[in-house]
Amino acid sequence: MSSQPLAESLVQSVDWLAVAPPLIAAVVALAVLVADLFLPEARKAVLGWVSVAGLALAALMLLPLLDGHRSTFCVDRATRACSYTADHFTLVIQFLVLGGALLAALLSVTNLKDDEQRVPAGEFWFLLLSSAAGAALLPASRDLATLIVALEVASLPAFALVGIRHGDKRSSEAALKFFLSSVTATAVSLMGVSFVYASTGTLYLTQVAQRLTHIDGQLHTLAQTGVVLTLVGFAFKTAAVPFHFWVPDTYVGAPLPVAAYLSVVGKAVGFSGLILVTVVAFPSYADVWGPALAVLAALTMTVGNVGALRQQATRAYSAVRLLAWSSVGQAGYLLVPIAAAGYAEDPQKAIGSTVAYALMYAAVNLGAFAVAALVGRSRALNRISDYRGLYATNPLTALLLAFFLLCLAGLPPGVIGLFAKVTVFSAAVDAGLGWLAVVMAVNVVIALFYYLQWTALLFRAPEGEPARHHVPAPLTAAIALTGVLGVALSGAPQLVLRFAATGLF
Amino acid sequence: MIDINESVMQFLLAFVVVGPLLGAVAALLPAPPGLKGKSPGQAVLRHGVTVTGAILIAAIVLALGFDSDHPSKMQATTDISWIPALDVRIHLGIDGISLPLLVLTALLTFLCALYSYFKPPAGGSPKAFVALLLLLESGTLATFAVLDLLLFFLAFETVLIPMYFLIVRWGGEGRTRAAWKFILFTLLGSVVMLLGLLLIGIKAGTFDMVALATDNGRPLTASVQVIAVLAIGIGLAVKAPMWPLHSWLPEAHTAAPTVGSVLLAGVLLKMGTYGFVRILLPIAPHGFHTFAPYLAAFAVVGIIYGSLACLALAKRGAKGDLKRLIAYSSVGHMGFVLLGIATMTPTGVNGALFANIAHGLITGLLFFLVGGLKDRTGTTDLDALAEETGAALYGKAPRLGGLLAFAAVASLGLPGLAGFWGEMLALFGAFEPAAGLSRPAFLTFMAIGAFGTLLTAAYMLIVVRRVCMGGADQEVPELADVHGYEFAAWTPLVALTVGAGLWPRALLGLTDPAVHQLLAGGTR
């Protein structure tokens, strides 16, 4: 390494096209922040649409990269030691992140308009876009330092987003809770990274993977500790048990679109980081992280689903709370294939199941949040009982919400939800994790109970005077987009499931 | 029988599966001008009759075009790739085993739609009712028509949501609890079943039922087969239902609306037993062999348990509910089906398939009749109906009484009616089970099962005695006798019960070659 000519490693040529997706998001973020200073109050709405357009453009910039062989910021091309790689895995996750952020932005446009007095528009869009830029950078990172930096870029704006509502005590409290626990987790992660660096002498994931196989016997414990500690930070982001306690309060305290954003993009950040460190960096320690993740997955889904089950329909914000707990449960399913990768002969295939599941989850969960945002406009308390009789007033919206919930539950007519679960099950069965598959089976039944209970409520006769919800255009777009995605995927599940059959790296 | 072009047959089968699904979506849309009918409700109920009628016609044409000289051959097959990632193929086809079930499903759903047209169910909107009914039909028909394990699972799950809503929206007393029990029990079973299906698919490298059946379990090791049969068997046994996993059934039947009960007993239960024959017998014969004696034991316990529960319900002063009683009798009847399958002999499996169809016809009819009775008297409580001397239905509504007696007698297995052959063949099968199964054990099971038929006769006759006979009370107003639409809905079932009883060859001729082939090593 050190024999490399210094000049070559310092003067790097940058492949701007490859880094375009996160870069555009970041640039638009700055532009919005600056423009906010010069725009008159009445025209702040433009900022929202600029941000939406920026995210759409960033997502479009994935198209030229589709062949999936670009990498940049390399020290040594021969050993594939690059900091930024746009392979298929990166592209899929970037698409997920940018698409998720786009939908969250659509929800925010209405939300900001309704909440004009209390949410500063310029800051809001800046924070959302910066966080999205960080989240889009993370799956492309191929060294531990970039990974941690991306994790922080994605997280720090999120804390501010959670607490952005002026004069809302719940909001600031949620932000503080989120911040303190997240920072602790990242610090632990950072310590793990330093341990790994100490034992291997490199930060590049591929090199870490090579050197971990023959490190000094004395350093073995250090490396093992490093591996486990590194996982903590990402497990926190995924909201895996026992790092899940911040989720319900944070989701309730945050503006609803931010909760939607965290539930999808936040999770994508967590699990893509987990995949990178486990499968790419520490494959030789599969016997350490495989069982650990399996136990984590089992605990996460059980705690999440039981938490969701205990929600009372009449309690304030129970709809958001239920979605929060259910997102913890879903995180458990997402972890199953990663755990299975620790046992399987072909870890890439198992990873693909997580990616496929995440894509399905992103579409339908954002859809559910979009409907929740709609109902929350006229029923500020957003209780599950407020959804009673939604079919009578907004039939199409009610049918779509029912569809989203059944997709999350994994029952037809939510065909895509069913097959996404099947791929996760098949990853577990394939890896010989029979006990985990059985735990998951029981969890699927528990989850059906609360999803179906909510679904059934939509079609009950409304109590009292039914209030028709007026649907503004951006919300319509978000609900329609997720709805079309869900239905199209149910007809052609191959669109996302193909990732479960091929290697992504 | 008649020669129909193969591609027409393919289209018909695909139409039978997809048609109801499209019909369900169409039911939710507003009626097009010209088809608005007298009211939106009437228009959509008519839509239901039209769609199920079209499906029934397609199914009958399919049956006519079916090459009954080669019933063991898969016919009208379609095989297109759907999800290559999971190796899921849209593989449809029918043989002598699935064809009768397909026609039975189409017939019962049509009769239910017809019945509901004249007697709209009380509860939610007819629109949702028709959409759910059609979704349910699509799921059941798909279960019998698909030849891919994962597609089978998809179809198996499709019926859950519509049935749940049918019970919870249009059901009677205790419906919420009953609907939850139904869906959670079945889902738990079917998710466990999915694990077994995945195990088979992953170890054998394909999910195609035909390919797997041809392999006859050769690529699967003994332990894989045992685990897979256990997992899949639990899922199917919950659906069938097998004692002791039956406890959801009586509640679901009692709470479900008439139409729901008819379809639940007539069609949904068959999905479980069909799975046993179609998946477990040919694909994991070794594993099934291990569990066959246990299955048979549970089956005969179910026969006796179902009969005893019915006897207890039929007793005076027991406050027995007629629908609950028929539900328990279903547990007994399905016990015979499972016993037949557990013998692993052509005789037993043929008997099981015959009993399957017979139970669908007879129990469907019984639930229709009890539903009719409830509409007239407002109760299904035996004690309330019979009071001191008996309900004297023969006197108050002679035709209804006659039909009820006919259905009860058919259900107890009177020779010459459909109920007889299946149960007799199942017991015959147990007399000489497949090689390697303990004969003394199966002889015991046969003896107990035969005793069960006596108990069945006992409680059915008590029911007839208490409901149809009794002192003619002059003051009690007469009940309305069978209406025209009821005749229309019930006559086909009566005719087929008599027909299958007098000419069992029509059905056995279809199933027998297919069963021989399944047991010997797959379908061609």
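Two residues are in contact if their C-beta atoms, placed from the backbone, lie within 7 Å. The views below come from a predicted model.

**Figure 1. Helix 1 of chain B packs against several neighbours.** Helix 1 covers residues 6-28 of chain B. Its buried residues pack against helix 2 (40-65), strand 1, strand 2, helix 3 (98-118) and helix 4 (126-145) of chain B. The buried set runs from Met9(B) through Leu12(B), Leu13(B), Val16(B), Val17(B), Gly19(B), Pro20(B), Gly23(B) and Ala24(B) to Ala27(B). Helix 1 of chain B kinks by about 35 degrees at Val16(B). The proline Pro20(B) follows shortly after that kink. Val16(B) and Pro20(B) are both among the buried residues of the helix. What end-to-end span should the 23 residues of helix 1 of chain B give? At 1.5 Å a residue the expected span is 33 Å, and the end C-alpha atoms are 33 Å apart, so the two agree.

**Figure 2. Two strands of chain B form an antiparallel hairpin.** Strand 1 of chain B takes in residues 75-83, and strand 2 takes in residues 88-94. Six bridges join them, and they run antiparallel. Gln75(B) stands opposite Ile94(B), a residue of strand 2. Four residues lie between the strands of this hairpin. One residue of the hairpin, Asp87(B), takes a positive phi near 60 degrees. Another positive phi belongs to Ala76(B), near 55 degrees, although this residue is not a glycine. Ala76(B) lies in strand 1 of chain B. Is Ala76(B) buried or exposed? Ala76(B) has 25 C-beta neighbours inside 10 Å, and 20 are enough, so it counts as buried.

**Figure 3. Chain B as a whole is mainly a set of helices with two strands.** The secondary structure of chain B comes to 21 helices and two strands. The C-alpha trace spans about 70 × 65 × 45 Å along its principal axes. How does the radius of gyration of chain B, 22 Å, stand against a compact globule of 524 residues? Such a globule would have a radius near 24 Å, so the value for chain B agrees. Of the 524 residues of chain B, 64% count as buried. Consider the contacts in chain B between residues at least 6 apart in sequence: 81% of them join residues at least 24 apart.

**Figure 4. Tyr459(B) sits buried in helix 19.** Helix 19 of chain B covers residues 439-467 and holds Tyr459(B). Tyr459(B) counts as buried because it has 27 C-beta neighbours inside 10 Å, against a cut-off of 20. Which residues does Tyr459(B) contact, leaving aside neighbours within four places in sequence? They are Ser307(B), Cys310(B), Leu311(B) and Ala314(B). Val498(B) is 39 residues away from Tyr459(B) in sequence. The C-alpha atoms of this pair are 22 Å apart.

**Figure 5. Leu65(A) is a buried loop residue.** Leu65(A) lies in the loop between helix 3 (45-60) and strand 1 (70-76) of chain A. With 21 C-beta neighbours inside 10 Å, Leu65(A) counts as buried. Residues up to four places away aside, Leu65(A) touches Leu17(A), Ala18(A), Arg70(A), Ala86(A) and Leu91(A). Pro40(A) is 25 residues from Leu65(A) along the chain, and 39 Å separates their C-alpha atoms.

**Figure 6. Backbone details in the loops of both chains.** A cis peptide bond, with omega about 10 degrees, joins Pro412(A) and Pro413(A). Pro413(A) is found in the loop between helix 16 (395-409) and helix 17 of chain A. In chain B, the bond from Trp243(B) to Pro244(B) is also cis, with omega near 5 degrees. Pro244(B) belongs to the loop between helix 9 (222-239) and helix 10 (248-255) of chain B. Ala239(A) has a positive phi of about 65 degrees, yet is not a glycine. Its loop joins helix 9 (220-238) and helix 10 (246-253) of chain A. Ala239(A) is buried, with 29 other C-beta atoms within 10 Å.

**Figure 7. Chain A meets chain B.** Here 26 residues of chain A are in contact with 23 residues of chain B. Which elements of chain A give two or more residues to this side? They are helix 17 (415-430), helix 18 (434-458) and helix 20 (494-497). Helix 17 of chain A gives the most, with nine residues. The chain A side divides into 21 nonpolar, three polar and two charged residues.

Technical notes
Residues numbered from 1 in each chain as written. Chains lettered and ligands numbered in written order. Predicted model: local features only at pLDDT ≥ 70, side-chain atom pairs only at ≥ 80, totals over all residues. Nonpolar A, V, L, I, M, F, W, Y, C, P; charged D, E, K, R; others polar. Rg over C-alpha atoms; globule rule 2.2 N^0.38 Å. Buried ≥ 20, exposed ≤ 12 C-beta atoms within 10 Å, placed from the backbone. Pairing = 2+ DSSP bridges. Expected span 1.5 Å × (residues − 1). Bend = angle between axes of the 7 residues up to and from the residue.
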